[in-house]
Structures are given as structure tokens and as C-alpha cells.
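Visitor: I should like to learn how to read helix faces, buried side chains and internal cavities in a model. May we work through an example together?

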Amino acid sequence: MSSKKEIILKYLSGTLTREEEKAFLNLMEKDGELKALYEQITAKLNALDLLGKEKPVDGNYFPNLLPRAKQKLETAGRSKAKFKLSPSFAFALFSILSLLFFSSLFNSSFQSKIYVEKIPASDGLTPAQAEMVNFYLENQLYSIAPIDSLYNREINLGISGANSSDLLDYYETALLNDNDLFNIIDDNEYNSIYTNLKKLKLF
Amino acid sequence: MQAVSDYDLIKKFLEGNESAFNELLKRYQSKIYWHARRMLGNHFDADEITQQVIIVLYKKLKTFEFKSSFYTWVFRITHNQALNYIKKMKLKSFLPIDSDSAKNLRTNEDVVKNTEDKESLERLNEILKELPVKQREVFLLRRFEELSYEEIAEITGKSVGALKANYFHAIKKITEKMNVE
């Protein structure tokens with residue numbers, strides 16, 4: 001872009017200061033080439049304005065706009081209403097969801113229980129650690145014990161540490177779920193897992 | 001006889017007078033449509049936006065604070081609707097969900113019947129479609145709505161400096177496209 005064109009565009013976009021504007025207008029009076037380019041640019045922009053000027057449209061279009069928009073609004077309202085839950089349906093849905101939630105909570109507590117109980121709580125623990133594990137066991141606080149959140153990750157680490165690589169592979173490829181894993185691994189492996197958990201200072 | 005002001009019509013509508021809204025719309029529907037049409041480049045999309053703007057106006061008019069002019073408020077809604085629509089269109093262009101029938105509607109259906117007028121609009125669209133949305137918007141609001149930078153800033157939420165820069169780049173690209181050297 002030439003410097004002349006650039007200064008014209010800056011003038012047209014209002015990016016020149018007042019002083020610069022004055023200087024530009026003075027210059028244009030003296031510089032015929034600058035003036036011709038300015039006129040060419042403004043003529044092109046004016047031609048563009050003509051291209052985009054409002055055109056006559058189908059006579060029914062604007063009078064029908066509001067009724068169409070209102071219809072659209074009503075249709076949207078109706079389809080919203082369709083998805084409105086009736087109180088009895090909402091109650092039934094809530095009951096089912098609650099049931100599912102509590103059953104999943106029970107399962108998780110149950111799994112934690114198996115896991116905690118199978119760990120020989122008194123074996124190799126410091127008195128404080130043993131006390132903590134016993135506290136969870138006695139009070140059946142499986143849900144708040146730091147077991148559930150650690151369960152999947154640490155069991156993997158435990159098996160890795162015990163070199164049960166086949167089991168780990170099965171587990172990782174989802175051929176085994178957590179329960180299967182518990183059923184398969186024997187007490188020695190539990191001990192290994194537990195040792196690894198201890199190494200990780202989880203107990 | 002002096003025409004009823006926009007503010008009076010809004011007040012009447014808020015008092016329950018539905019015909020006041022019709023009157024208000026008569027004043028602005030053409031401006032909304034033509035701004036949307038220049039932004040989107042075809043009737044089909046402009047019609048969608050215009051209807052959407054009418055719905056928003058109808059639902060949100062009670063939230064209008066009589067601080068700004070109704071004119072800039074209408075354009076702010078149109079601006080937001082157009083930008084959202086363009087975003088959706090961009091997303092659709094990446095996904096195979098834009099059916100052929102919708103594409104046909106976009107190109108075939110038009111309320112401008114005169115061939116010469118249609119060609120003018122197509123030519124304008126050819127030039128403007130090269131511009132990024134922000135540049136196109138400020139160019140249209142300045143050239144066609146003859147709004148000041150301050151008014152455009154109120155509509156778009158951008159600073160006057162940024163708008164001037166956008167306008168500068170818009171006319172630079174346009175003049176390049178129109179072979180002005």
C-alpha cells in the first residue's frame with residue numbers, strides 16, 4: 001500500500017490527530033495526485049454504499065414478521081412445556097435415582113469393607129496406624145476411610161509392586177473388574193499389596 | 001402531529017398495550033433485517049436473525065433501562081444475535097449437520113425479487129465476505145447506519161480506538177478488493 005493511500009485511509013477512519021488532519025487537507029490542496037486518489041477511494045466506497053442500500057422486498061414480508069416470530073415463540077414455549085416433568089413423574093424419577101445412588105454407596109462401602117478386612121490390620125503397623133485401621137473397621141466408616149478414593153489407583157500400584165503383571169494387564173484392559181481382581185489374588189498378593197501401600201505411606 | 005417517541009411506546013407496551021410493540025417494531029424491523037442481511041449475506045440467515053431479535057425484544061423489553069437510546073439497544077441485540085449465529089454457522093461448517101435442503105433454502109429463498117437488486121447485494125457480499133466479522137460489523141454500522149464510533153462502541157462493547165483500527169483495516173481490504181491502488 002502506498003503512503004498516500006495509507007494516509008487517506010487513516011483520514012477516512014478517523015485515526016489522524018486534528019493537526020494531522022489539517023496537514024492532510026492542506027497537502028491535498030497542493031498535491032493533485034493525492035486528491036485524485038482520495039476521490040477514487042471515496043467514489044468506490046460510495047459505490048459500495050449503493051450496492052448495499054435497502055432494496056424493495058416482497059410486500060408481505062415485513063407485515064408477517066411479527067406474527068411469524070410470535071408463532072416461533074409459542075412453538076418454543078410448547079416444546080419447553082412438553083419436557084416439563086409432572087410432579088408424580090418427578091417423584092418417581094427422584095425415587096429411582098435415590099435408590100441407584102444408595103445402592104452404589106452400599107456397593108462401594110461393601111467393597112471397601114472387603115478390602116479393609118482382608119488387610120491384616122495388625123501386621124507390621126505402627127500402633128497409630130493400627131489404631132486408625134481398627135477405628136475404620138470397628139466403626140464401619142468405610143465411606144469416609146481414605147480407601148475408596150485410593151482404591152483403584154493404589155491397588156494397581158500394589159499389584160505392580162508384587163510383580164503380578166498378568167493380573168495387572170487384565171485389570172488395565174478391563175477384562176477384570178475390581179471384584180474379580182479380589183477373587184483372584186491370594187493372601188500373599190494381598191500382603192504384597194499391603195506392603196506397597198505401606199511404602200506409599202497410605203497407612 | 002408529533003410522532004410518539006420510542007420511550008412512550010415502550011412504556012405503553014410495558015403497561016400491556018401490545019399494539020405499541022407492533023408500532024415500535026414497524027420502526028426498526030427493516031433496519032434489523034438489512035443489518036443482518038449485510039452481515040450474513042443472504043435472506044435465509046437474515047430472516048432467522050430478525051425473528052430471533054424480535055423474540056428477544058419482546059421478551060426483554062421490560063429490562064430496558066431508559067438510559068441509552070432504544071436504537072443502539074436494538075442494534076446491540078442484533079449484533080449479539082448475529083455474532084452467535086455466525087459462531088453456530090462456523091461450527092456447523094465443521095460438522096456434517098447442515099443439510100442440503102437448508103443450503104438450498106439459503107441460496108434460493110429471497111424476498112428481494114428484482115434481479116438487478118439481487119446482483120448488487122451479491123456483489124456487496126462478495127466484497128464483504130473477505131472481512132473478519134469485527135471489521136465487517138464496524139464497517140456496516142458506520143457506512144450504512146451512519147453511527148458514530150461512540151455509538152458503535154456502545155453496541156459492540158469495544159473501545160473507540162479498536163473500532164477505528166477495525167474500520168481502517170476494513171476499508172483497506174475493501175479498496176484492495178476493488179482494485180484501488
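Guide: The turns below take a helix, a histidine and a cavity in this predicted model.

Visitor: Which residues of helix H1 of chain A are buried?

Guide: A general point comes first. An α-helix has 3.6 residues a turn, so residues three or four places apart point the same way. In H1(A), residues 3-13, the buried positions are Lys5(A), Ile8(A), Leu9(A), Leu12(A) and Ser13(A). Viewed down the axis of H1(A), these buried residues lie within an arc of 125 degrees, so they line one face of the helix.

Visitor: Against which helices do the buried residues of H1(A) pack?

Guide: The partners come from two chains: helix H2 (18-30) and helix H3 (32-51) of chain A, and helix H7 (133-143), helix H8 (149-156) and helix H9 (160-177) of chain B. Just after H1(A), Gly14(A) adopts a positive phi of about 75 degrees.

Visitor: Is His79(B) buried or exposed?

Guide: Here the relative accessible area decides, with buried meaning under 20%. His79(B), in helix H4 (residues 70-94) of chain B, has a value of 5% and is therefore buried. Beyond neighbours within four places in sequence, His79(B) contacts Glu137(B), Ile155(B) and Thr156(B).

Visitor: How many cavities of 30 Å³ or more does the structure hold, and which residues line the second largest cavity?

Guide: There are 2 such cavities. The second largest has a volume of about 30 Å³, and its lining consists of Phe21(B), Leu24(B), Leu25(B), Tyr28(B), Leu57(B) and Phe70(B). Helix H2 (residues 18-40) of chain B supplies the largest share of that lining, 4 residues. By class, the lining has 6 nonpolar residues, with no polar and no charged ones.

Key: Residues numbered from 1 in each chain as written. Chains lettered and ligands numbered in written order. Predicted model: local features only at pLDDT ≥ 70, side-chain atom pairs only at ≥ 80, totals over all residues. Heavy atoms only, no water. 1 Å grid on protein atoms, 1.4 Å probe; cavity = no way out; pocket = protein on both sides within 12 Å on 5 of 7 lines; lining within 4 Å. Points joined across faces, edges and corners; volume = space filled by probe spheres on them. Nonpolar A, V, L, I, M, F, W, Y, C, P; charged D, E, K, R; others polar. Buried < 20%, exposed > 50% of the residue type's maximum accessible area, 1.4 Å probe, protein only. Contact = heavy atoms within 4.5 Å. Arc of directions from axis to C-beta.
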